Amino acid sequence: MAGEEEESLEESVRRLAEQAKELNDAAAEVTSKAVKEEQTLRQRALSLDVSISKLMAKIDKRLDHRVADKLEEELNRARCILVDGDASSFFPGRAQGRFLRMFIGPINVRASKKDVQLKVKEEYNRFRDRTALLFLLFPSTLLVLKSWFWSGCMPAFPVQLYQAWLLFLYTGLALRENILRVNGSDIRPWWIYHHYCAMAMALVSLTWGIKGQPNCAENQRSVELFLQWAMMQGVAMLLQNRYQRQRLYTRIALGKAKRMDVVWGETAGVVGQLWLLYPILFILQGFEAYIGLSLLQTAIVGVVSEWQAIICGILLVSMAVGNFVNTVQTLMAKSRIKAKMKRSKSKHELD
């Protein structure tokens, strides 16, 4: 009896081992077939993209402008389908930068499915929404406490806690934006570099002792200015998240933007938003440069002798100049697009 039971168990084990091997062979066959099919689709996608580029170049401007515009629109729509649909995974992705490799190593963070890529974008938007509100509440709370409870002199710990939160914020934004770029988003490199500079400034600020009495008002003047600037930045972020994202969804629906695109730091929507957002952005950039120059002046005059004042001043001025240049470039690009649309409209009216 014992011998029969032992043989039965051996047979069951042998059968299960064979099934596991068969399943593994079948999975390997399916994987190999999928790789071959993926390679075929990748070649077709690249060939189709090249064909669209060649055909786009062949559209002669001497053609009737209505025909030319219609053909260009059709080709742009076809390219949008390629780069914004499931076929986008068959195109070569952007190389991962050193920043990503430094934090997560040589791991491929590009999603193969479009729905996964869109979830990455949705998480980025949720992170921006959460941090925009905190960007406004955190510094305003510190300033209120300074006036009502701390007798005009902030203790070091709450300020350093805020600086540690800024380091977390900008590191999180930089990581998410690098991953978005790898997955096909159009984030400009400058805004990622801007967050690198902000990370460096927050890290340097953590090593900078917050001085109190005597002369607390003079010692903490730069901290107070920075908190006021941060409140304005929080308001600007809330406006961008609220209004510009609606405009971006409209552009995506019209085929003028990709689903992986996100709201930039200088992006604006319709005319009413231009009059509201751009003045705020320019004021923020001027205020940021003023704080940086004030820090450099105090370091040069000798009021503040710490090296952190020089580094933070240089970083603030650099970020202000970079933001201003990118904002102006965006305005110029928008004006060129509008001028082109007006010329096209006038030609249609003449015909």
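This is a short tour of a predicted model, stop by stop, with something to select at each one.

Before you click, note that residues are numbered from 1 along each chain as its sequence is written. In this predicted model, local features need pLDDT of at least 70 and side-chain atom pairs count only at pLDDT 80 or more, while totals for chains, interfaces and linings use all residues, and side-chain values use heavy atoms, with hydrogens and water left out.

**Stop 1: the whole protein**

Show everything as a cartoon. You'll find 10 helices and 0 strands; here helices (H or I, at least four residues) and strands (E, at least two) are DSSP runs, numbered from the N terminus. Walking from the N terminus, the elements read α-α-α-α-α-α-α-α-α-α. Of the 351 residues, 37% count as buried, where buried means under 20% relative accessible area, exposed means over 50%, and partly exposed is in between (1.4 Å probe, protein chains only). Now for contacts, meaning heavy atoms within 4.5 Å. Among contacts with a separation of 6 or more, 76% join residues 24 or more positions apart.

**Stop 2: H5 and H6**

Two packed helices are described by the angle between their axes and the distance between the axes. Select residues 156-182 for H5 and residues 189-206 for H6: they pack at an angle of about 155°, with axes 8 Å apart. The axes are lines fitted to C-alpha atoms, for helices over the stretch in contact, and angles run from 0 to 180 degrees between N-to-C directions. H5 and H6 are therefore roughly antiparallel to each other. On this scale, angles under 35 degrees count as roughly parallel, over 145 as roughly antiparallel, 65 to 115 as roughly perpendicular and the rest as oblique.

Turn the pair around, and H5 passes H6 in a left-handed crossing. That label is used if the near helix is turned anticlockwise from the far one by less than a right angle, and right-handed is used if clockwise.

Next, show side chains. The H5 side of the contact includes Gln160, Leu167 and Arg181, and the H6 side includes Trp191, His195 and Leu206. By class, the residues of this contact split into 15 nonpolar, 6 polar and 2 charged. Ala, Val, Leu, Ile, Met, Phe, Trp, Tyr, Cys and Pro count as nonpolar, Asp, Glu, Lys and Arg as charged, and the others, Gly among them, as polar.

**Stop 3: H4 against H5**

Keep H5 on screen and add H4, residues 114-148. H4 and H5 pack at an angle of about 160°, with their axes 11 Å apart. That makes H4 roughly antiparallel to H5. H4 passes H5 in a left-handed crossing, and their contact has 19 nonpolar, 2 polar and 5 charged residues.

While you're here, pick Gly172 in H5. What is its relative accessibility? Gly172 comes out at 9%, so it counts as buried. Draw a line from Gly172 to Phe127: they are 45 residues apart in sequence and 8.6 Å apart in space, C-alpha to C-alpha.

**Stop 4: the core**

A nonpolar core is a set of buried Ala, Val, Leu, Ile, Met, Phe, Trp, Tyr and Cys residues joined through side-chain atoms within 4.5 Å. Which members of the largest one touch the most other members? Out of 48 residues, they are Phe135, Tyr162 and Leu166. Elements giving two or more residues to this core include H4, H5 and H8 (221-253).

Zoom in on Phe135. Leaving out residues up to four places away in sequence, Phe135 touches ten or so side-by-side picks you can colour, including Tyr162, Leu166, Met231 and Gln233. Gln233 is in helix H8 and, at 21% relative accessibility, counts as partly exposed. With neighbours within four places set aside, Gln233 is in contact with Phe135 and Leu284. The C-alpha atoms of Gln233 and Leu136 are 7.4 Å apart.

**Stop 5: two last picks**

Select Glu306, in the loop between H9 and H10. Is Glu306 buried or exposed? Glu306 is buried, with a relative accessible area of 19%. Trp208 is 98 residues from Glu306 in sequence, and 7.8 Å in space, C-alpha to C-alpha.

Finish at Leu71 in H2 (residues 65-84). Leu71 is partly exposed, at 39% relative accessible area, and its C-alpha atom is separated by 7.7 Å from that of Ile59, 12 residues away along the chain.
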